[in-house]
Structures are given as C-alpha cells and as structure tokens.
Amino acid sequence: MKMKQDEKVYKTLGTVGALGIGTGVVVIVASLAAGIVMIVSGAKLLARRSDMLIR
C-alpha cells in the first residue's frame, strides 16, 4: 500500500513540475511579446512626434 502512494506522489510531482516549467515558458514568451510591442509603439511615437502639435 505504501509503495502505491509513493508512486502516486512521484508521478504527481513530475506533473506539477512540468506544469510549472510550461507556465514559466508561457510567461517569458508573453512578457517578451509585450516588451517588443511597447518598443515598436514607442519608436512609432518618436518617429511621428514632429507631426504632432502639443500646446
């Protein structure tokens, strides 16, 4: 009985570890995409700043 519980815990820990790594990868990719979008938007604003009139 003890052995089956140990195997269950071992498999559960493996699954949780894999999910943690997957979540980390998704967060890194999303933050990179957001950073790139912000850089591109900022560059566009800087390029067009002479066209804008601010009073």
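A30 counts as partly exposed, with a relative accessibility of 44%. That figure comes from a predicted model, as does everything else below. The cut-offs explain the label: buried means under 20% relative accessible area and exposed means over 50%, so a residue in between is called partly exposed. A30 has its place in helix α1. If you follow the chain 14 residues along from A30 you get to K44, and the C-alpha atoms of these two are separated by 21 Å.

Now look at V29. This residue is also found in helix α1, which covers residues 2-47. With a relative accessible area of 52%, V29 is exposed, since the cut-off for that label is over 50%. V29 also has partners on the surface: together with I21 and V25, V29 makes a nonpolar patch of about 290 Å².

Time to zoom out to the whole chain. What does the protein chain have in the way of helices and strands? There is one helix, and the number of strands is zero. The radius of gyration is 24 Å, well over the 10 Å that the globule rule gives for 55 residues, so the chain is more spread out than a compact globule. You can put dimensions on that: along the principal axes, the C-alpha atoms fill a box of roughly 75 × 15 × 5 Å.

And how much of the chain is buried? Of the 55 residues, buried ones make up 0%. The accessible surface of the protein chain comes to about 5400 Å², and carbon and sulfur atoms account for 73% of that area.

Technical notes. Residues are numbered from 1 along each chain as its sequence is written. This is a predicted model: local features need pLDDT of at least 70, side-chain atom pairs count only at pLDDT 80 or more; totals for chains, interfaces and linings use all residues. Side-chain values use heavy atoms; hydrogens and water are left out. Helices (H or I, at least four residues) and strands (E, at least two) are DSSP runs, numbered from the N terminus. The radius of gyration is taken over C-alpha atoms; the globule rule is 2.2 Å times the number of residues to the power 0.38. Buried means under 20% relative accessible area, exposed over 50%, partly exposed in between (1.4 Å probe, protein chains only). Accessible areas come from the Shrake-Rupley method with a 1.4 Å probe; for residues, only the protein chains shown count as cover. Patches are made of residues with over 30% relative accessible area and no salt bridge: like charges are joined within 9 Å, nonpolar side chains (Val, Leu, Ile, Met, Phe, Trp, Tyr) within 5 Å. A salt bridge is a side-chain nitrogen of Lys or Arg within 4 Å of a carboxyl oxygen of Asp or Glu.
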